[in-house]
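Hello,

Here is the structure I promised to send over. Have a look at it first, and then read on for what turned up in it.

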Amino acid sequence: MANETFDLVVIGAGPGGYVAAIRAAQLGMKVAMVEKRATFGGTCLNVGCIPSKALLQSSHLFEEAGHDLAEHGIVLAPPKLNFGQLMKRKGEVVDATTKGVAFLFRKNKITSFQGTGRIDKAGAVSVLGDDGAVKDALATKNILIASGSEVTPLPGVTVDEKKIVSSTGALELAEVPKHLVVVGAGIIGLELGSVWRRLGAEVTVIEFLDRITPGVDDEVTRHFQRALAKQGLTFKLGSKVTKADASGQGVTLTVEPAKGGAAETVQADIVLVCIGRRPFIEGLGLEKAGVKLTERGRIAVDAHFQTSVPGIYAIGDVIDGPMLAHKASEDGVACVETIVGQKGHVNWELVPSIIYTQPEVAWVGKTEEQLKAAGVAYKIGKYPFTADPRSRANGATEGFVKVLADKVTDKVLGVHIIGAEAGTMIAEAGMAMEFSASAEDIGRVCHAHPTVNEAMKEAALAAWDKPIHL
Ligand SMILES: Cc1cc2nc3c(=O)[nH]c(=O)nc-3n(C[C@H](O)[C@H](O)[C@H](O)COP(=O)(O)OP(=O)(O)OC[C@H]3O[C@@H](n4cnc5c(N)ncnc54)[C@H](O)[C@@H]3O)c2cc1C
């Protein structure tokens, strides 16, 4: 049993916790990590961002080889899928990435404990084994909760991770299903739906709202839905799944109109339940320690990530703000910098979001709908990739860049991109907006030619005055 005293004990080694631990060690703190999983990296590296992107990339290449190369004069025999190799590669990518975190922990002399971290009181954390017995009792000056999130359950639908799966099960299917029904048209559902559609499944997406991707700019969403429908995804919007019966061969779903009306049944081989994620706080001992929650069940923190108990901090998915890996990491860095007396800060208003489908969708800042609701006078600059020479050369002209700027000051308030490289392009917008750039500022920056980022310059010029190439 460990009887050392630490400066910081971090609970949870996801992108929030592991990055915080490394930064804290760099700043001279003696750090312990408590993680209940066998590997580091949390949801993101083990069952989230990384395996899903590995499958997205493999399935994208399969799709390209099968459909998109003939236009370039490259004629192949129809490609065959080696499903075992595709899944093996995904596993190897995850393995290398989680091992990379273990290496960084060793490099930064972070002591790790495998087990469930329970806060006994400020300054004391117990590490419990699978049997619930205390394996280690850690004394510490500070505690950082980075316990992340879990899948939100859907009433009437029990996830068995075989025929009715969560995102975790959808990354591990034993074969390509004939008909996959995705419940929930959010980012994760559409990414995983795209993977299995590209690999040969028929995919139906059932969504309660009458639109997909809530929170995304309306104009982008409409374009996005059309693009996905063209690829073969079927949408059933304004519909709610009330029951799932997995007793037969496949799964029979009962589906009702969201606004009420007659129910119908939908047959599926596999059902993916993807209606969102909720903070994970089970077993942390929050109530006993006196750590308060918000009305929405997340851990309440102040501007410096301190909870209602001095010396106990929380970051990432378990607190407010977008549930994204890079946001969790920035929270972690700012939190530990503040603990050592520096001025850590994260601007949650400028956390970029990306949907890694094809086309990709990426945005940062406000949508048109948010600006309208806030009564802000704004102007729009739009530039289609059809007008961008590099996009034409690449054969990827779907989509556009949309810059929203303040009508009076020209300050950029939001950037929304749908296009092949939207996820990479959005970094430029985030950087510019962090420095309070105007549309004119972005439009006057010399962009290399020919690059797809010239579309960003042109959209910014369009918002400020006039684009050159349109
Ligand atoms: C399929 C999928 C795809 C995603 N893709 C992306 C993406 O492309 N980009 C992106 O930004 N985000 C993505 N996300 C979201 C991203 O994974 C999360 O936002 C991110 O992991 C949150 O980081 P975190 O550190 O707060 O928590 P987590 O990554 O959830 O890590 C929390 C860790 O804490 C551990 N833990 C919890 N309680 C205890 C305890 N009491 N004791 C010990 N350990 C504990 C858990 O085992 C876990 O390892 C995706 C999520 C999913 C499910």
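His179 stands opposite Glu202, a residue of strand 10. That pair belongs to a stretch where strand 9 (residues 179-183) and strand 10 (residues 202-206) run alongside each other in the parallel sense, joined over five bridges. Please keep in mind that this is a predicted model.

Strands 9 and 10 are part of an open sheet of five strands with parallel pairing, and its order is 8-15-9-10-11. Strand 8 (164-165) and strand 11 (234-236) are the edge strands; each has a single partner strand, so one side of each has no neighbour in the sheet.

There is another five-stranded open sheet, this one with antiparallel pairing and the order 18-19-22-21-20. Its edges are strand 18 (353-355) and strand 20 (378-384), each with a single partner strand, so one side of each is left without a neighbour in the sheet. From one strand to the next, the twist averages 10 degrees. If you want a place to look, try the pairing of strand 20 with strand 21 (residues 400-406), which is antiparallel and extends over seven bridges. There, Gly381 stands opposite Val403 of strand 21. Helix 12 (residues 422-434) lies across strand 18, strand 19 (360-365), strand 21 and strand 22 (412-419), and runs at about 10 degrees to strand 19.

Now to the ligand, which may interest you at the bench. How many residues surround the ligand? The count is 39, and the closest are Glu35, Thr43, Lys53, Gly117 and Ala325. By type, the shell divides into 16 nonpolar, 17 polar and six charged residues.

Three polar approaches to ligand oxygen atoms can be listed:

- Thr43 places a polar side-chain atom 2.6 Å from an oxygen atom of the ligand.
- Ala325 has a backbone N or O atom 2.8 Å from an oxygen atom of the ligand.
- Leu324 has a backbone N or O atom 3.3 Å from an oxygen atom of the ligand.

The ligand on its own has 990 Å² of accessible area, and the protein covers 95% of that. Which elements each supply at least two residues of the shell around the ligand? They are helix 1 (15-26), strand 2 (31-35), helix 2 (42-47), helix 3 (49-68), strand 4 (116-121) and helix 9 (325-339). Helix 2 gives the largest share, with four residues.

Helix 9 is also the home of Thr338. A polar atom of the Thr338 side chain lies 3.5 Å from the backbone nitrogen of Gly344. Leaving aside residues up to four places away in sequence, Thr338 touches His304 and Gly344.

Finally, a few backbone details. Most peptide bonds are trans, and most residues other than glycine have a negative phi. Against that background, these spots deserve a look:

- Gln358 and Pro359 are joined by a cis peptide bond, with omega about 0 degrees; Pro359 is in the loop between strand 18 and strand 19.
- The peptide bond from His449 to Pro450 is also cis, with omega near -10 degrees; Pro450 sits in the loop between helix 13 (439-444) and helix 14 (454-464).
- Lys109 has a positive phi, near 55 degrees, although this residue is not glycine; Lys109 lies in the loop between helix 4 (83-107) and strand 3 (111-114).

Happy browsing, and best wishes!

Technical notes
Residues numbered from 1 in each chain as written. Predicted model: local features only at pLDDT ≥ 70, side-chain atom pairs only at ≥ 80, totals over all residues. Heavy atoms only, no water. Near = heavy atom within 4 Å. Polar contact = N/O pair within 3.5 Å; in protein donor to acceptor, adjacent residues only side chain to side chain. Areas by Shrake-Rupley, 256 points an atom, 1.4 Å probe, with all protein chains shown as cover. Nonpolar A, V, L, I, M, F, W, Y, C, P; charged D, E, K, R; others polar. Pairing = 2+ DSSP bridges. Axes fitted to C-alpha atoms, helices over the stretch in contact; angles between N-to-C directions. Contact = heavy atoms within 4.5 Å.
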